[in-house]
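Open the model in your viewer and keep the sequence panel visible. The stops below are meant to be selected one after another.

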Amino acid sequence: MAAVVLAAGVSARLGHPKQLLTWEGEPLLVHVVRQALGARVDPVVVVLGHRFGEIAQALEPLVDSAAGRLRLVYNPSYLEGGQSSSVRVGVGALPGGAAGVVILLCDMPLVRADHIDALVARYEELRSTRGERLIIVPVCRGRRGHPVLFGRGFFGDLAKVQGDQGGRALLRAHPEAVVEVPAGEEVLLDL
């Protein structure tokens, strides 16, 4: 199971890259990536765009300590198409044998490794009977949150997503594939 962290945005409303805002004493993106590295996913692909060099430099200590599990990729189209262009770049950077991908947002610092692991565990439970066209999504108080796990059977669909919704359109288009996992409100809260 792999993970993709979407972190290419401009953060125009903040006037400062949200990826570099301080959260618990470190840049927000470092915190989010550290949680992903603590989960049962390998590799963790971080999709960067705006201010690539500066943000990549903030991640250098994790790159050095992640023993090859962390990959930084550049989205040259980060100004076009919102999240979808980063989803396409991230999925395109996954290894051929990935069973699925957990897509995380860089502005959700309350998501922990155990949230990611709960999605992976549910996918592994169901994969042998339902196949690889599964979407595992956390739910709190009837609302769907993040991160979202897409089974390998959806990689082709993810490679074609458009607009600012990333993979959300696939949840609406394939309700039969969606499995909800109860979670706390951390999966709903972003910056």
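The tour goes from the whole chain to single elements and then to single residues.

**Before you start**

This is a predicted model, in which local features need pLDDT of at least 70 and side-chain atom pairs count only at pLDDT 80 or more, while totals for chains, interfaces and linings use all residues. Residues are numbered from 1 along each chain as its sequence is written, and side-chain values use heavy atoms, with hydrogens and water left out.

**Stop 1: the whole protein**

Show everything as a cartoon. The protein has 6 helices and 10 strands; these are DSSP runs (helices H or I, at least four residues; strands E, at least two), numbered from the N terminus. Along the principal axes, the C-alpha atoms fill a box of roughly 45 × 35 × 30 Å. A compact globule of 191 residues would have a radius of gyration near 16 Å, and the 15 Å of this protein agrees with that. The radius is taken over C-alpha atoms, and the globule rule is 2.2 Å times the number of residues to the power 0.38.

Switch to a surface. The accessible surface comes to about 8,600 Å², and 50% of that belongs to carbon and sulfur atoms; areas come from the Shrake-Rupley method with a 1.4 Å probe, and for residues only the protein chains shown count as cover. Of the 191 residues, 51% count as buried. Buried means under 20% relative accessible area, exposed over 50%, and partly exposed in between (1.4 Å probe, protein chains only). Among contacts (heavy atoms within 4.5 Å) with a separation of 6 or more, 73% are between residues 24 or more positions apart.

**Stop 2: strand 4**

Select residues 44–48, which form strand 4; 5 of its 5 residues are buried. In a regular strand, side chains alternate between the two faces of the sheet. Here Val-44, Val-46 and Leu-48 lie on one side, Val-45 and Val-47 lie on the other, and both faces are covered.

Add strand 1 (residues 2–7), which runs parallel to strand 4 and is joined to strand 4 by 5 bridges. Two strands pair if DSSP finds at least two bridges between them. To find the register, pick Val-5, whose bridge partner in strand 4 is Val-46.

Now add strand 5 (residues 70–74), also paired with strand 4 in the parallel sense, over 5 bridges. Here Val-47 has Val-73 as its bridge partner.

**Stop 3: the crossover**

Select strand 4, helix 2 (residues 52–65) and strand 5 together: they make a right-handed β-α-β unit. A crossover is right-handed if, with the strands pointing away from the viewer, the path from the first strand over the helix to the second runs clockwise.

Two loop residues deserve a click. Arg-51 sits in the loop between strand 4 and helix 2, and its phi is near 50°, a positive value in a residue other than glycine. Arg-51 counts as partly exposed, at 37% relative accessibility. Ala-67 is in the loop between helix 2 and strand 5; its phi is also near 50°. At 73% relative accessibility, Ala-67 counts as exposed.

**Stop 4: Leu-37 and Pro-43**

Move to Leu-37 in helix 1. Is Leu-37 buried or exposed? Its relative accessible area is 14%, so Leu-37 is buried. Not counting residues up to four places away in sequence, Leu-37 touches Val-44, Leu-62, Ala-66, Arg-69 and Leu-70.

Follow the chain to Pro-43, in the loop between helix 1 (28–37) and strand 4. The peptide bond from Asp-42 to Pro-43 is cis, with omega near 5°.

**Stop 5: helix 3**

Select residues 83–92. The buried residues of this helix are Ser-84, Ser-85, Ser-86, Val-87, Gly-90 and Val-91. Their cover includes strand 1, strand 4, strand 6 (100–105) and helix 5 (155–158).

**Stop 6: His-115**

Finish at His-115 in helix 4 (residues 113–130). His-115 is buried, with a relative accessible area of 11%. A polar atom of its side chain lies 2.8 Å from the backbone nitrogen of Arg-112. Leaving aside neighbours within four places in sequence, His-115 is in contact with Leu-110, Glu-186 and Val-187.

Note on methods. A polar contact is a pair of N or O atoms within 3.5 Å; within protein, one must be able to donate a hydrogen and the other to accept it, and residues adjacent in sequence count only if both atoms are side-chain atoms.
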